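Work through the exercises below with the sequence and coordinates open. Each task is followed by a solution in steps.

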Amino acid sequence: MRLQRMTLGEADARGRRAPVPLDEFVELECDTVIYALGTKANPIINRATPGLNLDARGYIAADERTQATSLPGVFAGGDIVTGGATVILAMSAGRRAATAIGAYLRTTPRRWPVSPEQIAAFAPTSAFADIPVEQGSTHAMS
Ligand SMILES: Cc1cc2nc3c(=O)[nH]c(=O)nc-3n(C[C@H](O)[C@H](O)[C@H](O)COP(=O)(O)OP(=O)(O)OC[C@H]3O[C@@H](n4cnc5c(N)ncnc54)[C@H](O)[C@@H]3O)c2cc1C
């Protein structure tokens, strides 16, 4: 296995420093290589699921309030939507999705995307109604 040394580059607008390749290589003798690197969505999603929109970073694009995706009946939440985040954020997305899925399945005829109003009609007292959503943030929960 041929490895290329990396160094950290300058911080971007979000304050994160991305790795920058150096012109230095190391070779390791291996029988088997199992790689488990990074937290990005598998690029195969795009090819295997036509019509499922991804965001600019390659994660599944989902509505921040309902977790609805571009594919009717498909909801997504957690790291596959936010990028690597926390268990609390993933769990809250699961709760929002469960509420939205319930409303979606109980609406005849089915409507897509499921709307917050549709959800409020079926679950007016659910936690969903109280969840503040900070637009444009991956940390949508307080
Ligand atoms: C090293 C590390 C340490 C962390 N420490 C913390 C911490 O201290 N506190 C914290 O809050 N968060 C922590 N996190 C983040 C936290 O683990 C994630 O934010 C959280 O697990 C995301 O939950 P999820 O349900 O979105 O995804 P996951 O927990 O990754 O669940 C996705 C599931 O889908 C399965 N899956 C994937 N592909 C398929 C497929 N094709 N078919 C069927 N199943 C599939 C996977 O096997 C997995 O079980 C840590 C993460 C890492 C990597």
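The model is a predicted one, in which local features need pLDDT of at least 70, side-chain atom pairs count only at pLDDT 80 or more, and totals for chains, interfaces and linings use all residues. Residues are numbered from 1 along each chain as its sequence is written, and side-chain values use heavy atoms, with hydrogens and water left out.

**Exercise 1. Salt bridges**

Task: Find the salt bridges and state which parts of the chain each one links.

Solution.
Step 1. Apply the criterion: a side-chain nitrogen of Lys or Arg within 4 Å of a carboxyl oxygen of Asp or Glu. The count by this rule is two salt bridges.
Step 2. In one of them, Glu 27 pairs with Arg 2 at 3.6 Å, N to O. Glu 27 belongs to strand E2 and Arg 2 to strand E1 (residues 2-11), so the bridge ties together parts that are 25 residues apart in sequence. Strands here are DSSP runs (E, at least two residues), and helices are runs of H or I with at least four, both numbered from the N terminus.
Step 3. Glu 24 and Arg 5 form a salt bridge with an N to O distance of 3.4 Å. This pair also joins distant parts of the chain, with Glu 24 in strand E2 and Arg 5 in strand E1, 19 residues apart.
Step 4. Classify the four residues by relative accessible area: buried is under 20%, exposed is over 50%, and partly exposed is in between (1.4 Å probe, protein chains only). Glu 27 and Arg 2 are exposed. Glu 24 is partly exposed because its relative accessible area is 40%, and Arg 5 is partly exposed because its value is 45%.

**Exercise 2. Fold outline and burial**

Task: How many helices and strands does the protein chain have, and in what pattern do they follow one another?

Solution.
Step 1. Counting gives five helices and two strands.
Step 2. Along the sequence the pattern reads β-β-α-α-α-α-α.
Step 3. For burial, 27% of the 142 residues of the protein chain qualify as buried.

**Exercise 3. Ligand surroundings**

Task: Which residues surround the ligand, and which of its polar contacts can be listed?

Solution.
Step 1. A residue is near the ligand if one of its heavy atoms lies within 4 Å of it. The surrounding residues are Gly 78, Asp 79, Ala 85, Thr 86, Val 87 and Ala 90.
Step 2. Sort the shell by class: Ala, Val, Leu, Ile, Met, Phe, Trp, Tyr, Cys and Pro count as nonpolar, Asp, Glu, Lys and Arg as charged, and the others, Gly among them, as polar. The result is three nonpolar, two polar and one charged residues.
Step 3. Look for polar contacts, which are pairs of N or O atoms within 3.5 Å. The side chain of Asp 79 places an N or O atom 2.8 Å from a ligand oxygen. A polar backbone atom of Val 87 is 2.9 Å from an oxygen atom of the ligand, and a backbone N or O atom of Ala 85 is 3.3 Å from an oxygen atom of the ligand.
Step 4. On its own the ligand has 1000 Å² of accessible area, of which the protein covers 22%. Areas come from the Shrake-Rupley method with a 1.4 Å probe.

**Exercise 4. Backbone exceptions**

Task: Where are the cis peptide bonds, and which residue other than glycine has a positive phi near 65 degrees?

Solution.
Step 1. Start from the usual case: most residues other than glycine have a negative phi, and most peptide bonds are trans.
Step 2. A cis bond joins Thr 108 to Pro 109, with omega about -5 degrees. Another cis bond joins Trp 112 to Pro 113, with omega about 0 degrees.
Step 3. Pro 109 sits in the loop between helix H3 (87-106) and helix H4 (116-122). Pro 113 is also in the loop between H3 and H4.
Step 4. Gln 67 has a positive phi, near 65 degrees. Gln 67 is in the loop between H1 and helix H2 (79-82), and it counts as buried because its relative accessibility is 4%.

**Exercise 5. A loop residue and its partner**

Task: Is Ala 68 buried or exposed, and how many Å separate its C-alpha atom from that of Ala 97?

Solution.
Step 1. Ala 68 lies in the loop between H1 and H2.
Step 2. Its relative accessible area is 7%, so Ala 68 is buried.
Step 3. The C-alpha atoms of Ala 68 and Ala 97 are 7.4 Å apart, with their positions 29 residues apart along the chain.

Terms used. Polar contact = N/O pair within 3.5 Å; in protein donor to acceptor, adjacent residues only side chain to side chain.
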